Structures are given as C-alpha cells and as structure tokens.
Amino acid sequence: MMLEARDLVLERRLAHASLSLRPGEITAICGPNGAGKSSLLEALAGLLEVESGTIRLGDKELASCQPRERAQAIGYLPQEHTVSWDVPVRRLVELGRMPHGDRRRELVDAALKALDVEHLADRRAQSLSGGETARVLLARVLAGEPQWILADEPLAALDLGHQLALLKHLRRAADSGIGVVLVLHDLAHAMNHADRVIVLDQGALAADDAPQRALSAEVVERVWHTRVEWMERGGRMALLPL
Amino acid sequence: MNRAALVMAALLAIALPLSLLAGRVWIDPATTPNAALILGELRLPRAVLALVVGAGLGSAGAAMQGYLRNPLADPGLFGIAPGAALGAVTALFFGFTASAWLLPLFALVGAGGAMALLALIAGRTGGVALFTLAGLMVASLAGALTALAISMAPNAFAMSEIVLWLNGALTDRSWREVWLAAPMVLLGMVLLIRAGSGLDALTLGEPVARSLGVDTNRLLSLLILGIGLTVGAGVAVAGIIGFVGLIVPHLVRPLTDRRPSQLIVPSALAGALLVLVADSIVRILPLVTELRLGIALSLLGAPFFLWLLLRMRKGLA
C-alpha cells in the first residue's frame, strides 16, 4: 500500500509537496533545522491538520480514515522518548496493540524478540538506558504490525553502536514489506542506509531521489550551505566537510 | 480486578462495620437502646456518604494524575471543586437554605459552570498545557468570588456558615445527600474508567496516543465530565475535602503496575476508605466541637505532601 502526499501545504511549514512512498523501502527525510521535516512526518502519520492538499494511504484519503484504521496501518515514533509512568516494559509494548483492541501475547513477544529486548520484558520502563528505551519504543510500534513505520530522528541521543543496531532492525522491518520513513539528521546514515532520500529546504522539496543523487555534494552545498565531499571506502560513504 | 483493588476492598470490609460502631458513643448493637435507629438513620448514611465522596475524589485524583502525567496533580486544579464551592457559597450568601436541596443544587450548578468554562477554553484543542492553565484560571476566579462573598457577607452568621461549610464535613447528613450524590459519583466513575485506556496511551505522550487512535478531544471531554460529576457531587454534599485526590493515588500506585487505567478503581476504593476512616476518627476525637473533616484531611495531607516532595527530591538527586 502506497503512502502518497499530493500538493501538501502545511501552514508556514510546508509548501506544495508531492511525494509517493513505497512499502518495503527505507525513505529518509533530510534537511536543515526548520526545513519542515518533522511536520511532514507528522502530516504523513495523520497527526497534523493539513491546510490543503491530500495524503492518501492506498486508495483511501488519510483524513477520512477512522483514527483506529489509521492507527492500525501507521506506527509513529516521535523523537522524544516520553515514558511518563514507570510501567513494565511488556505493558508499554502492549500499547502497540491498542489500535487492534487486543494484547496478543505472541505478537508482543515477537516484537520484543525482534528488537533484542525480550530480557527486559519485566523491567520497569524508567530503569532502562537510552538505547534500551529506543529499542523498546520501536518494539511498541512493531507490535502493532503496522504497514508503515514513521520515525522522527530515531537515532538522536543514541551512541554509534546503538544507531547501527537500530538501523539494522529498521532494515529488517523494511525487508519484511513495511514502509519505513525516517527523519534523519546524519547525512551519512541516510546515504548508507536509505533506499531513497527526500531533501527539504525551507518547506519545499529540494530533492527526491536515490541517496547518491539526492544527497550529492551539490545538493548538500545548496541546501545546507556547507561544502562537502563524499568519500567511499568498502561500499560505505563518509561525509567530509571541506 | 487487580491486586490493589482487592487489598482496598478487603480493608474497606473491615473498616465499614467498625466505623458504624465508632463515635462519641460507641454502639453495641445488642445493648444500646435504639441501636437500629441510630445505625440506620444516622451512622449508616454518614458512612455511605463518606464512601461515595471518597470514591469520587480518589478516582478523580487518579484520572487527573494520569491525564496530566504528573503525580502532583489534584482534582482541585481543574477548578471544578472551587466552582462547586462558589455555587454553594452563593446559596449561603443569599440565605437560600429554606430547602435542604437548594445548597447542593447550587453547588452542582457551580461545578457545571466550571466544567463548561473548561470545555469552552481548552476543549477544542485538547492540549494539556492550555487545559491546566484554564483549570487554574477557573479555580482562582471561583476562589476570588468565594472570598468576595465571604468579605461581603450580609451578617456574621452567614459568614460563619460559609467559612464552616468550606471546610467540608459529613456531620448531620442523611440518606437525602446519599441519593443525591451516589448516582452522579457512580456515573462519573464509569466515565473515568472508560477513559482508562486513553490515559494509558498518554504515558507515551500526546502524539503517540493520537497515533494509536486515541481521540484526545473525546478523552478530555470524558475527563471533564467524569471529574465534574465525581468531584462536583462530592463538594455539593460534603463541602471542600482536600488532599484525598492527591494522596490516594500515591498510596495505591505501588500496588499496581503503574498504568493509569489500573489505578482508577483501586483509588476509588482507597479514597472511600480514607474518608471513612478520617470521618470515624473525627467523630471519636474527644474535642468540644467536632473537628471538620476537611480540616482533618488537610492536616493529614499537607505533611504527606511535604514528605512526598522530600522523597522525590532525594530520587532526583
């Protein structure tokens, strides 16, 4: 099922953006601070009122979907790792089943296992480290078996090892047919791990292409006002500011 | 039913009969003359009213803390209790006490007015910050008008009536107050219980709750109605009884898995227990005039609150 935006306008944040996202891919949304990345992601998740334009999920308009129907299809992970009460990890992950109105144990267990956090199931959420919390919260999204995972800077506040581990989990989700959309600040991660990159600049689409083209040195200089060079080693790209 | 609810229900089952026997005069059902009359017409309605009022305040406190995601939230913050108090004070001010129904009805109108104001200001956007501010404003407006009524009271008698009433009590209540408050408190509790799953989702923040399909506007309406009914009805029949809504969820939370939905029923039971026990103690105390329940609970509540703050500070350090 495709997730498409047509002529999307968000007041003061996004102007006439059209894009269509494919399941089974990791799409990275990049851009300087204030470019409208998070707003675009929230709009795609159906959490923002759009000023004009439409967002379609498959053949349905997102705005006309029931909240529950939308919630079953789209899992959303915000940047803030808010966990207000010290509930057991299993209860947190079970929240992912809420749109389905059940707490199916095998799915919750599978989600915990997929993120390598089964051993934390009985721990209290507020006793976890940042990396553990990030994985548990992603497990919460997976437990809902969404067709789309929309995550806002899921790698922020994680160390390099945890960043790569989380990217591996997201890749596994994409390989299983889930559409993964990530707001990413780290251009090298976007270059190396995304199938496709959307670059936003001051609320407008500056590029929408394969990573090598969307994040070429020219685009980076034009959008981020920084001169860079990409270096390749062993199939991996590194970003070098000049 | 979870463990916390079972514990509280068991404690209630012990406390209720004891409370019926306790008082300035201890009753022995076998020997005390007119024991059935005293129990049926005086002590039982008072005990049931304590249960009703306490259950309302306890469940409202649990729901409030869940919604604001803040363990220091109290139902009084929403301005519903001060609104109800203002209604009652208005009745006392103008001397509308000819019928025993008038004062509680005025209080309910006050609570309804506060609820309507809240819904009007914050209901459309459903934002927590705006809602809290709106609640505080409604509370301080109602508080100021109440103070105005006291300062402009037509005579000393009315003034002392108002001040006394503001410090809630269950003295001289009858089945009439029970029939007035119980249905509303029960209905309010049902609404709060229904809000439970939405409150659980809010644990992960408002955007996630919405992404999980929670209609946050509907959740807020449920809470305003639920808290309005439970707290409004409580204030209407018993006056202002503070701190129950604040303390009770804290006492109960360690017995639960800390999900807000799991806290509402046990907090209702614990609130009922706390008010029942406090009212029994107030009756037993060998004072010339009975200590007002509202004062007694504040005397208990304030030190508890301080202890809580100290413990939290230690936890943060």
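# Tour: helix contacts in chain B, then the empty spaces

The crossing of α3(B) with α10(B) is right-handed (near helix turned clockwise from the far one by less than a right angle; anticlockwise would be left-handed; helices are DSSP runs of H or I of at least four residues, strands E runs of at least two, numbered from the N terminus). The model is predicted, so local features need pLDDT of at least 70 and side-chain atom pairs 80 or more, while totals for chains, interfaces and linings use all residues. Residues count from 1 along each chain as written, chains are lettered from A and ligands numbered from 1 in the order written, and side-chain values use heavy atoms without hydrogens or water.

**Stop 1: α3 and α10 of chain B**

Select residues 80-93 and 216-238 of chain B; these helices pack at about 40 degrees with their axes 9 Å apart (axes fitted to C-alpha atoms over the stretch in contact, angles from 0 to 180 degrees between N-to-C directions). The pair is therefore oblique (neither under 35, over 145, nor 65 to 115 degrees, which count as roughly parallel, antiparallel and perpendicular). On the α3(B) side, show B:I80, B:A81, B:A84 and B:A85; on the α10(B) side, show B:I224, B:I227, B:G228, B:V231, B:G232 and B:V235, which complete the contact (heavy atoms within 4.5 Å). Eight of these residues are nonpolar, two polar and none charged (nonpolar: Ala, Val, Leu, Ile, Met, Phe, Trp, Tyr, Cys, Pro; charged: Asp, Glu, Lys, Arg; the others, Gly among them, polar).

**Stop 2: α11 and α12 of chain B**

Move to residues 244-252 and 260-284 of chain B, where α11(B) and α12(B) pack at about 120 degrees, axes 9 Å apart. That angle makes α11(B) oblique to α12(B), and the crossing is right-handed. From α11(B), the contact takes B:V244, B:V248, B:P249 and B:V252; α12(B) brings B:L263, B:P266, B:S267, B:A270, B:G271, B:L274 and B:V275. Nine residues of this contact are nonpolar, two polar and none charged.

**Stop 3: α2 and α12 of chain B**

Keep α12(B) on screen and add α2(B), residues 35-68; the two axes come within 6 Å and cross at roughly 140 degrees. The helices are therefore oblique to each other, in a right-handed crossing. Residues to select in this contact include B:R43, B:R46, B:G54 and B:G58 of α2(B), and B:G271, B:D279 and B:R283 of α12(B). What is the make-up of the contact of α2(B) with α12(B) by class? There are 12 nonpolar, six polar and four charged residues.

**Stop 4: the largest pocket**

Select A:G46, A:L47, A:L48, A:R70 and B:R210, the closest to the centre among the 22 residues lining the largest pocket. About 710 Å³ of space lies in this pocket (1 Å grid over protein atoms alone, 1.4 Å probe; a pocket is an open set with protein on both sides within 12 Å along at least five of seven lines, a cavity a set the probe cannot leave, and lining residues have an atom within 4 Å of a point; points join across faces, edges and corners, and volume is the space filled by probe spheres on them). At least two lining residues each come from β4 (52-57) and α2 (67-73) of chain A and from α9 (206-211) and α10 of chain B. β4(A) has the largest share, three residues. The lining holds 10 nonpolar, six polar and six charged residues.

**Stop 5: the cavities**

The whole structure has four cavities of 30 Å³ or more, and the largest has a volume of about 80 Å³. Its lining includes A:Y76, A:P99, A:R140, A:V141, B:S211 and B:L212. In chain A, β6 (74-77) and α5 (130-143) are the elements giving two or more residues to this lining, and β6(A) gives the most, three. Seven lining residues are nonpolar, four polar and one charged.
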